[in-house]
Amino acid sequence: MRIILLGAPGAGKGTQAQFLMSKYGIPQISTGDMLRAAIKAGTELGLAAKQVMDAGQLVSDDIIIGLVKERIAQPDCSKGFLLDGFPRTIPQADAMKDKGIVIDHVIEFDVPDEVIVERMSGRRVHPASGRVYHVRYNPAKEDGKDDVTGEELVIRPDDVEETVRKRLAIYHEQTEPLVGYYRAEADAGNTRYHHINGTKAVDVVTSELVALLD
Ligand code: AP5
């Protein structure tokens, strides 16, 4: 099962990825999490990516395509994977297609910008695992603590409203064209395309995803 989760920043991709990973036993490949891990490790890539990410811009296609190719070649991806945050540009999608990687499902999470801006202000994350919470809509069992490890949750530096609005503008300009791209791929019989109303409650979205994928 090879799945792409497509949608604006904050549309709920990472939240649903956590569930889909455990249900279908496939790894989540989050380019955002990979870049944040590189920043934490202080690698050359991390140093270069940090400024770009904090400003809400996209990291260059070459770097991202290299990262994903390497990750997909790992043995745990042999039965499938869940792409979260990739592809984000047409060249990224083309690179995957050129490599002959067939995608079974593309799932678009549709959420209006204003809902996203409001959501991001309450997002809390557990950096080590990528688990995502929301202070109101998806709260941790104990306030400010990860459910599994009990470690502190943090606010992402790019979740300030000004940066969120920049990320949304970039989404509409560079990533949203992938909606048409993958609809055309589905029309050609190369994948299946699903549109999900991402404004529904987390568990409702989860049930709809299961119905689609099962
Ligand atoms: P990345 O980490 O991928 O961020 P993003 O796509 O901007 O997406 P998010 O993780 O912010 O949102 P999400 O859709 O996963 O939402 P979530 O589930 O957390 O990328 C960060 C940066 O890295 C980019 O800006 C770029 O610089 C760089 N980068 C990454 N990939 C790249 C690429 N391919 N090319 C170039 N650059 C790249 O949910 C958000 C909040 O809402 C949470 O608090 C959650 O609890 C809550 N929530 C979720 N679902 C619901 C619901 N149904 N109802 C109410 N609340 C909900």
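Is tyrosine 133 buried or exposed, and how many other C-beta atoms lie within 10 Å? Tyrosine 133 is buried, with 22 other C-beta atoms inside that distance. The legends below begin with the whole chain and return to this residue; the model shown is predicted.

**View 1. Overall fold of the predicted chain.** The chain holds 9 helices and 7 strands. Its radius of gyration is 16 Å, close to the 17 Å given by the globule rule for 214 residues, so the chain is as compact as a globular protein of that length. The C-alpha trace spans about 45 × 40 × 35 Å along its principal axes. Of the 214 residues, 33% count as buried. Among contacts between residues at least 6 apart in sequence, 73% join residues at least 24 apart.

**View 2. The shell around the ligand.** The ligand is surrounded by 37 residues, of which Pro9, Gly12, Gly14, Gly32 and Gly85 come nearest. Helices H1 (13-24), H2 (31-41), H3 (44-54) and H9 (202-213), together with strand S6 (131-134), each supply at least two residues of the shell. By residue class, the shell divides into 15 nonpolar, 15 polar and 7 charged.

**View 3. A set of binding-site positions from the UniProt record.** The unreviewed entry lists Thr31, Arg36, Gln57, Leu58, Val59, Gly85, Phe86, Pro87, Arg88, Gln92, Arg156 and Arg167 under "binding site". These positions span 137 residues in sequence, and their farthest two C-alpha atoms are 24.7 Å apart, so they do not all gather at one spot.

**View 4. Glutamine 57 and leucine 58 in the loop between H3 and H4.** Glutamine 57 lies in the loop that runs between H3 and helix H4 (61-72). Glutamine 57 is partly exposed, having 14 other C-beta atoms within 10 Å. Beyond its neighbours within four places in sequence, glutamine 57 is in contact with Val52 and Ile170. Leucine 58 lies in the loop between H3 and H4 and counts as partly exposed, with 18 C-beta neighbours inside 10 Å. Not counting residues up to four places away in sequence, leucine 58 touches Arg88, Thr89, Ile170 and Gln174. Ile170 thus appears in the contact lists of glutamine 57 and leucine 58.

**View 5. The span annotated as the adenylate kinase active site lid.** UniProt, in an unreviewed entry, lists residues 123-158 as "domain: Adenylate kinase active site lid". The end C-alpha atoms of this span lie 11 Å apart. Its content is 0% helix and 22% strand.

**View 6. Arginine 123 in strand S5.** A "binding site" feature in the unreviewed UniProt entry is placed at Gly10, Ala11, Gly12, Lys13, Gly14, Thr15, Arg123, Val132, Tyr133 and Lys200. Arginine 123 lies in strand S5 (residues 123-126). With 21 C-beta neighbours inside 10 Å, where 20 or more are required, arginine 123 counts as buried. Leaving aside neighbours within four places in sequence, arginine 123 is in contact with Val132, His134, Arg156 and Asp159. Val132 is also among the record's positions for the feature that includes Arg123, while Arg156 is listed in the set of View 3.

**View 7. Tyrosine 133 in strand S6.** Tyrosine 133 is part of strand S6, one of the elements that supply at least two residues of the shell around the ligand. Tyrosine 133 is in contact with Arg124, Asn138, Pro139, Ala140 and Leu153, leaving aside its neighbours within four places in sequence.

Notes. Residues are numbered from 1 along each chain as its sequence is written. This is a predicted model: local features need pLDDT of at least 70, side-chain atom pairs count only at pLDDT 80 or more; totals for chains, interfaces and linings use all residues. A residue is near a molecule or strand if its C-beta atom, placed from the backbone, lies within 6 Å of it. Helices (H or I, at least four residues) and strands (E, at least two) are DSSP runs, numbered from the N terminus. Ala, Val, Leu, Ile, Met, Phe, Trp, Tyr, Cys and Pro count as nonpolar, Asp, Glu, Lys and Arg as charged, and the others, Gly among them, as polar. The radius of gyration is taken over C-alpha atoms; the globule rule is 2.2 Å times the number of residues to the power 0.38. A residue is buried if 20 or more other C-beta atoms lie within 10 Å of its own, exposed if 12 or fewer, and partly exposed in between; C-beta atoms are placed from the backbone. Two residues are in contact if their C-beta atoms, placed from the backbone, lie within 7 Å. UniProt positions are given in the numbering used here, feature names are shortened, and annotations may be inferred rather than shown by experiment.
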